[in-house]
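Subject: the structure we talked about

Hi,

Here is the structure I promised to pass on. Have a look at it first, and then read my notes below with it open beside you.

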Amino acid sequence: MADRSALRDLLDRHSENRPCICGSTTRLPLPVEDRHNLGIEVCLCLSCGHIYVGRGLSESFTPIFYEKHYRDLYYGSEDREDEAVKQRKLKKAAEIVHPFATSRQADDSGRRVAEWGCSSGWNLVPFRDAGWTAVGFDYDVNYVAFGIENFGLDLRLVEGGEHTSPENRGAYDLIILNHVLEHAIDPIQMLQRLSAMLSDSGQLYIGLPLIENMDSSWYGHFHIAHNHYFSAASFERLARHLGFRVLDSRPEVGDFLLTRAGRETKNPALAGPMEVFSSIYAFYGLWYSHRMRPAIARRLGQG
Ligand SMILES: [Zn+2]
């Protein structure tokens, strides 16, 4: 991996400006830095209140970033072969993801599940063990190979638009998207593609790092791999806009269970000034409590 300053130079050369998901470019820059001190510009949309990266990794450089830099930058100390890491991920899948994701499934559903961005497929293990037909999709050759070898799962490398091929259309009763949507350059396109993979009564489980769930690690929350910083309100607004209905949610941990409602609602850009105001209020409330108050306390010798 390139060292941090070389990587920063590389990213500076491969950055691009982007509009908000609502299409607006009217935005407020936020006082936020990247966790790795790499250049990103986080903005709050003044049309819909969504917080997003207004200048970040270009679409053409993104695959290279994930192929050459992402794992080293984020998981340098984590080894997928590490037994403790493996057990921790399997425990989380069995105790957190699986119970919530299956809580609204009808007993007579076909029990076909897919995970988009499955890595080595840890989340799919409890489904497979409970008799589901489980399929995982990911871009990472090594993690996919590890999951096939160690868990005996049906994991597939994504090449081209494979996941939207005819065989996947309407094929799944449940799709898992766990901490993936915030990485997408175009989350609307990702949700629409996954929606096409759902059966008529299919459900979509989404796990997100919500902005209101930031704890004291303000510094760690914002980073170059995340293009979107949803709140529960902004995510639910987007989901409704794309024709989903929220079946259930656990905003305290960023989990949502959606199904298709069959019709789209107004563009989130038409959300109105109250949503923009509440987004500004929420962001600066967090900014004050996580960044400014500790800094003032230190200044006063109370920290
Ligand atoms: Zn917007």
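**Helix 5 and what sits around it**

Let's start at a small spot: just after helix 5, Gly 152 takes a positive phi of about 65°. Before you go on, keep in mind that this is a predicted model.

Now step back into helix 5 itself, which covers residues 141-151. Val 144, Gly 147 and Phe 151 are buried there. Those three cover an arc of only 75° around the axis, which puts them on the same side of helix 5. Turn to the other side of helix 5 and you'll find Val 141, Asn 142 and Glu 149, which are exposed. And what covers the buried residues? Helix 4, strand 6 and strand 7 are included in that cover.

Helix 4 (residues 125-129) is where you'll find Val 125. Is Val 125 buried or exposed? It has 21 C-beta neighbours inside 10 Å, and 20 or more is what it takes, so Val 125 counts as buried. Leaving out residues up to four places away in sequence, Val 125 touches Leu 90, Ala 93 and Phe 151. You've met Phe 151 already, as one of the buried residues of helix 5. Gly 152 comes back too: its C-alpha atom is 9.2 Å from that of Val 125, with their positions 27 residues apart along the chain.

**The sheet**

Next, the strands. The chain has 9 helices and 12 strands, and 7 of the strands make an open sheet in the order 7-6-5-8-9-12-11, with mixed pairing. Strand 7 (154-157) and strand 11 (244-250) stand at the edges with a single partner strand each, so one side of each is left without a neighbour in the sheet. From one strand to the next, the twist averages 20°.

If "mixed pairing" sounds odd, here's the background: strands of a sheet pair through backbone hydrogen bonds, either parallel or antiparallel. You can walk through this sheet and see both:

- Strand 5 (residues 112-116) and strand 6 (residues 133-138) are parallel, over 5 bridges; Trp 116 has Phe 137 of strand 6 as its bridge partner.
- Strand 5 and strand 8 also run parallel, joined by 3 bridges, and Ala 114 stands opposite Ile 175 in strand 8.
- Strand 8 and strand 9 pair in the parallel sense over 6 bridges, with Leu 177 opposite Ile 206 in strand 9.
- Strand 9 and strand 12 are antiparallel, over 5 bridges; here Ile 206 stands opposite Phe 256 in strand 12.
- Strand 11 and strand 12 are antiparallel too, over 6 bridges, and Arg 245 stands opposite Thr 259 in strand 12.

Strand 11 and strand 12 form a hairpin as well, with 4 residues between them. Look at Gly 254 in that turn: its phi is positive, at about 80°. On the parallel side of things, strand 8, helix 6 (residues 187-197) and strand 9 make a right-handed β-α-β unit.

Two more helices belong in this picture. Helix 3 (residues 83-101) lies across strand 8, strand 9, strand 11 and strand 12, running at about 140° to strand 8. Helix 8 (residues 232-241) packs on the sheet and touches strand 11 and strand 12, and its direction makes about 155° with that of strand 11.

**The core**

How many of the residues of strand 8 are buried? It's 7 of the 7, so strand 8 is largely enclosed by the rest of the structure.

In soluble globular proteins, nonpolar side chains tend to be buried together. The largest nonpolar core here has 65 residues, and those with the most contacts inside it are Val 113, Ile 175, Leu 177 and Leu 204. Strand 8 gives the most to this core, with 5 residues. Which residues does Val 113 touch, leaving out those up to four places away in sequence? Among them are Leu 124, Phe 127, Trp 132 and Ala 134, and also Tyr 172 and Leu 174.

For the chain as a whole, buried residues make up 35% of the 303. Of the contacts with a separation of 6 or more, 64% come from residues 24 or more positions apart.

Have fun turning it around on your screen!

Terms used: Residues are numbered from 1 along each chain as its sequence is written. This is a predicted model: local features need pLDDT of at least 70, side-chain atom pairs count only at pLDDT 80 or more; totals for chains, interfaces and linings use all residues. Two strands pair if DSSP finds at least two bridges between them. Helices (H or I, at least four residues) and strands (E, at least two) are DSSP runs, numbered from the N terminus. Axes are lines fitted to C-alpha atoms, for helices over the stretch in contact, and angles run from 0 to 180 degrees between N-to-C directions. Two residues are in contact if their C-beta atoms, placed from the backbone, lie within 7 Å. A residue is buried if 20 or more other C-beta atoms lie within 10 Å of its own, exposed if 12 or fewer, and partly exposed in between; C-beta atoms are placed from the backbone. A crossover is right-handed if, with the strands pointing away from the viewer, the path from the first strand over the helix to the second runs clockwise. The arc is that of the directions from the helix axis to the C-beta atoms. A nonpolar core is a set of buried Ala, Val, Leu, Ile, Met, Phe, Trp, Tyr and Cys residues joined through C-beta atoms within 7 Å.
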